[in-house]
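Student: I have a model open and want to work through it step by step. Can we start with the whole chain and then go down to single strands?

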Amino acid sequence: MQQESTENWIDHMINKAFENYNGREIVIWGRYGVSDSIKDGLREKYGIDTAFYVDSDISKINGRTVLSPEYLFGKSDKYFIIIPIAFYQSVKDAITGGGYSSGLDYYYFCDCVLRQELEYYEDLHGNKIVGNYQGLKFVFSGFHSVIEIEENVQFQKTVFYIHNDAKIVIRKGAQFQETVLCVHNDAKIRIGENARFSGNEIYMYHSSKAIFGNETYINKNNINIAGMAKLNIKNECNIGNVSISIGKHGRMLLEENVVVCSNDDRKTWWIIGDNANFYVGERGRFGGQAGECFVWDNAILKIGAEFSINGNYRITADLGTSILIGDDCMFSYDISMRSNDGHSIFDVVSKDNINSTDDVNRSRSIVIGNHVWIGERAYILYNTQIGDGSIIGAMSLVKSRIPNNCIMAGIPAKVIKRNIAWSREYGVNDIIKCGQKYIHYTKES
C-alpha cells in the first residue's frame with residue numbers, strides 16, 4: 001500500500017477536517033495542547049472556528065468550552081469530529097455508536113492499524129514496530145517512524161509518543177518501567193543491551209540524538225534534548241534523580257561508569273545551553289546532596305577521568321567561557337566554581353562593557369590540572385589555573401595561578417606549603433600511594 005507523504009500530523013488533521021466537514025461545526029475530542037494547535041490552525045489556515053471540545057475526563061468539563069462526549073451522540077448532521085488522542089477502542093465504539101461514520105463524520109488519526117501481531121505492528125501512516133512490544137503503550141502522532149525491539153525487552157507502565165521520521169532501537173534485555181519517552185521529528189534514540197529505565201520522562205526534539213549504552217541505569221530523571229542536540233551516555237553509567245536539559249546543537253557525553261545521584265528529595269540540575277559542550281570522563285562520581293552544573297551557550301565544561309565530587313556543588317561555565325578539569329581530581333562538599341561574573345559591568349566614562357563581551361568571554365576560563373584536591377566550601381573564580389597535584393584548603397577563595405604540588409588556602413588563597421603529594425587513602429605510610437606520576441617538587445612560576 002502506498003504510504004502517505006510525511007507532513008506535520010496537526011496540519012494533516014486540519015486538512016482532513018476541511019476536506020470532510022461539509023459546512024458542519026467542527027469539534028475536537030480531547031482537551032490538551034495539540035487540540036489547541038488544531039483549533040488555532042483551522043482558524044489561521046481556513047478561517048474556521050472550532051465549536052467546542054469534548055473530553056471524557058470529568059475534571060476538564062465546564063459545560064461551555066468543554067462538554068461531555070455524550071452531547072455529540074445522534075448529531076452527525078451537525079458536527080464533524082477530529083480525534084487527535086491515542087487509539088482507544090472504547091472511544092471508537094462510543095463515536096460509532098453515536099451515529100458517526102469514519103472519514104465521513106469524524107477523523108481519528110490513530111485509528112489506522114494495517115497489521116498488528118505479537119511482534120509486528122504497522123499502520124497506514126507508514127509507522128512500524130518490529131519486535132515484541134507487549135506491555136508498551138505507544139502513540140504514533142506522525143508518519144514513517146520505526147521502533148526496533150530485540151529479544152527479552154520488557155515494558156511495564158511505559159508510554160512512547162513518536163512523531164515523524166523518528167527511529168528507536170532497543171537492544172536485547174533492556175527494561176522499561178513507568179517511563180515516558182517522547183520522540184519528535186527525525187529524532188533518533190538507541191538503548192543498549194540490558195539498560196534499565198525506571199520512572200523517567202525523556203523528551204527529544206527535532207533531529208536530536210541520544211545513545212544510552214549497555215548496562216546503563218537511568219532512574220527518576222527528567223531529560224530534555226533540544227533540536228540537533230546530542231546526548232551520549234556510555235556503558236554501565238548510573239544516572240539517578242537528575243534533571244538534564246540540552247539546548248540546540250548542545251552536546252553532552254558521559255564516558256563509561258559515570259555515577260550521578262543525589263541522596264535527598266531535590267534533583268540534581270544539569271543545564272547545557274545552545275552550542276555548549278559538557279564532557280565527563282570515565283568513572284566520574286557525583287554524589288551526596290543534589291548539585292548543579294550550568295554550561296551556558298557556547299561554553300565548555302570538560303571533566304577528566306576518575307573525577308569525584310560530593311554534594312551541593314555549583315559549577316557554572318558562563319556564556320562563551322570554559323572550565324577544564326583534569327584527571328583524578330577530588331572535590332569535597334559545597335564547591336562553587338564560576339568562569340565569569342554572571343552580570344554585565346560597564347565603564348561609565350567610556351560606556352563600554354568591560355566584563356562580558358564575546359572577546360572577554362573567550363579569554364576567561366578555569367583550568368584545573370590532574371590530581372587536584374579541593375576542600376569543602378572552596379570558591380574557584382575565573383582566570384584560575386591550578387597545577388597538578390595541588391590542594392586547595394577548605395573555605396578558600398581562589399582567583400590566581402597556583403603551581404603544582406602545593407597547598408593553597410585563605411581568602412584570597414595563598415601558598416602555605418610547597419613540595420607536597422596527597423593520596424585519597426587516609427592513614428597510609430607509603431608515599432607511592434599518592435601515585436608515582438603525581439610525586440614532584442613544586443615548580444615556581
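Student: What share of the area that the protein chain exposes do carbon and sulfur atoms supply?

Tutor: Keep in mind that this is a predicted model. The protein chain exposes about 20,900 Å². Of that area, carbon and sulfur atoms supply 48%.

Student: What percentage of the 445 residues is buried?

Tutor: Buried here means under 20% relative accessible area. Of the 445 residues in the protein chain, the buried ones make up 48%.

Student: How many helices and strands are there in the protein chain?

Tutor: Strands and helices are both present. The count is four helices and 45 strands.

Student: Is the chain a compact globule or more spread out?

Tutor: Set the radius of gyration against the globule rule. The rule gives 22 Å for 445 residues, and the radius of gyration is 28 Å, well over that. The C-alpha trace spans about 90 × 60 × 40 Å along its principal axes. The radius exceeds the rule, so relative to a compact globule the chain is more spread out.

Student: How far apart are the centres of the positive and negative side chains?

Tutor: The protein chain has 47 positive and 53 negative side chains. Take the centre of each set. The two centres lie apart by 5 Å.

Student: Which strands are the edge strands of the twelve-strand open sheet?

Tutor: The order is S9-S12-S15-S18-S21-S24-S27-S30-S33-S36-S39-S42, with parallel pairing. An edge strand pairs on one side only. That picks out S9 (136–140) and S42 (397–398).

Student: Go inside the sheet. Which strands pair with S21?

Tutor: S21 pairs with S18 (residues 201–204) in the parallel sense, over four bridges. With S24 (residues 242–246), S21 also pairs in the parallel sense over four bridges. The partners are S18 and S24.

Student: Which residue in S21 stands opposite Ile 202, and which residue in S24 stands opposite Asn 224?

Tutor: On the S18 side, Glu 201 has Asn 222 as its bridge partner in S21. Ile 202 stands opposite Ile 223. On the S24 side, the residue opposite Asn 224 is Ser 245.

Student: Which residues form the covered face of S21?

Tutor: In a regular strand, side chains alternate between the two faces of the sheet. S21 (residues 222–225) has Asn 222 and Asn 224 on its uncovered face. The covered face holds Ile 223 and Ile 225.

Notes. Residues are numbered from 1 along each chain as its sequence is written. This is a predicted model: local features need pLDDT of at least 70, side-chain atom pairs count only at pLDDT 80 or more; totals for chains, interfaces and linings use all residues. Side-chain values use heavy atoms; hydrogens and water are left out. Buried means under 20% relative accessible area, exposed over 50%, partly exposed in between (1.4 Å probe, protein chains only). Helices (H or I, at least four residues) and strands (E, at least two) are DSSP runs, numbered from the N terminus. Two strands pair if DSSP finds at least two bridges between them. The radius of gyration is taken over C-alpha atoms; the globule rule is 2.2 Å times the number of residues to the power 0.38. Accessible areas come from the Shrake-Rupley method with a 1.4 Å probe; for residues, only the protein chains shown count as cover. Lys and Arg count as positive and Asp and Glu as negative; His and the chain ends are not counted. The place of a charge is taken as NZ of Lys, CZ of Arg, CG of Asp or CD of Glu.
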